[in-house]
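Thanks for coming. I have one structure to go through today, and I will take it from the overall fold down to single residues. Please have a look at it before I start.

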Amino acid sequence: MYRIFATLVLAATSALAAPDSRAQFIRENRCAVAERLDAIHRHGPVDVSRDRFIVVALHGQEQRYVQCIFQDRDTRMFCEAASGAYGPPGGGRLRLDATARAALAALRYVQADPAENFARLVELGTPPDLGIAADLMLAALHDAYGARPGDVLDIEAPYGGTPGRGCGTPES
């Protein structure tokens, strides 16, 4: 009886701690991601997707990433979350456990083929609310790939400007 109670208390404590960890992780990194998305959006042209993408990964863990590209005149983004399908052949590929897969499914990522990444379309609206994409990317990194507050992220965005120009409300 005591073991069952202790297990339930630990599970409840973990469930309560997770949203705080996720919220803090997003707070710490949202500005940097939204800033880069804003730079890509402002760079234009909005009728072209080529090179208008962002990849956010856990530092030193190239297979734990989320990437998005602007589409449809910046009213939506096509986003992918790493599945391990494009990792190095053999035993070095990322293998997501059931918890990570469930976390991606909860964020509405689907994997149509095991040889592909998880994917979804993100509606941004007009003008685009870039915070939607930033929050989704960071939530996936936290929930599925184990990113936590204080972790360092690598951000690749060819048209993402120079990071650190200051964070406020992204321009549209």
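First a term: helices and strands here are DSSP runs, helices being H or I of at least four residues and strands E of at least two, and both are numbered from the N terminus. With that, Asp74 can be placed in the loop between β2 and β3. I will come back to that residue. Keep in mind throughout that this is a predicted model.

The overall picture, then. The chain holds 3 helices and 5 strands, and in sequence order they read α-β-β-β-α-β-α-β. There are 172 residues, 38% of which count as buried. The accessible surface is about 9,500 Å², with carbon and sulfur atoms contributing 56% of that. Among contacts with a separation of 6 or more, 69% are between residues 24 or more positions apart.

Next, the sheet. What is the order of its strands? It is β4-β3-β2-β1-β5, in an open sheet of 5 strands with antiparallel pairing. The edges are β4, residues 118-123, and β5, residues 153-156; each has a single partner strand, so one side of each has no neighbour in the sheet. From one strand to the next the twist averages 20 degrees. As a general reminder, strands of a sheet pair through backbone hydrogen bonds, in either a parallel or an antiparallel way. In the pair formed by β2, residues 61-71, and β3, residues 76-81, the sense is antiparallel and there are 6 bridges. Gln71 has Arg76 of β3 opposite it.

That brings me back to the loop between β2 and β3. Asp72 is in that loop, and so is Asp74. Both have a positive phi without being glycine: near 50 degrees for Asp72 and near 65 degrees for Asp74. In general, most residues other than glycine have a negative phi, and most peptide bonds are trans. Are these two buried or exposed? Asp74 has a relative accessible area of 0%, so it is buried. Asp72, at 44% relative accessibility, counts as partly exposed, because that class runs between 20% and 50%.

On the peptide bonds, there are two cis cases to mention. One joins Gly44 and Pro45, with omega about -10 degrees; Pro45 sits in the loop between α1, residues 2-43, and β1. Another joins Thr126 and Pro127, with omega about -5 degrees, and Pro127 belongs to the loop between β4 and α3.

Now helix α3 itself. Residues 130-145 make up α3, which lies across β1, β2, β3, β4 and β5 and runs at about 160 degrees to β2. How long should α3 be? At 1.5 Å a residue its 16 residues should span 22 Å, and the end C-alpha atoms are indeed 22 Å apart, so the two agree. Of those 16 residues 13 are buried, so α3 is largely enclosed by the rest of the structure. At the start of α3, a side-chain oxygen of Asp129 comes within 3.1 Å of the backbone nitrogen of Gly131. Just after α3, Gly146 has a positive phi of about 80 degrees.

Three more residues, taken one at a time. Leu153 is in strand β5 and, with 16% relative accessibility, counts as buried. Beyond neighbours within four places in sequence, its contacts include Phe25, Val56, Leu138 and Leu141. Asn29 is also in contact with Leu153; the two are 124 residues apart along the chain, with 8.2 Å between their C-alpha atoms.

Ser83 is in the loop between β3 and α2. Its relative accessible area is 6%, so Ser83 is buried. Its side chain reaches the backbone oxygen of Glu116 at 2.9 Å. Residues touching Ser83 from more than four places away include Leu94, Leu96 and Phe118.

Last, Ala115, from the loop between α2, residues 98-106, and β4. Ala115 is partly exposed, at 47% relative accessibility. Not counting residues up to four places away, Ala115 touches Ala85 and Tyr86. Its C-alpha atom is 8.6 Å from that of Gly84, 31 residues away along the chain.

That is the end of my part.

Technical notes: Residues are numbered from 1 along each chain as its sequence is written. This is a predicted model: local features need pLDDT of at least 70, side-chain atom pairs count only at pLDDT 80 or more; totals for chains, interfaces and linings use all residues. Side-chain values use heavy atoms; hydrogens and water are left out. Two strands pair if DSSP finds at least two bridges between them. Axes are lines fitted to C-alpha atoms, for helices over the stretch in contact, and angles run from 0 to 180 degrees between N-to-C directions. Contact means heavy atoms within 4.5 Å. Buried means under 20% relative accessible area, exposed over 50%, partly exposed in between (1.4 Å probe, protein chains only). Accessible areas come from the Shrake-Rupley method with a 1.4 Å probe; for residues, only the protein chains shown count as cover. The expected span of a helix is 1.5 Å times one less than its number of residues. A polar contact is a pair of N or O atoms within 3.5 Å; within protein, one must be able to donate a hydrogen and the other to accept it, and residues adjacent in sequence count only if both atoms are side-chain atoms.
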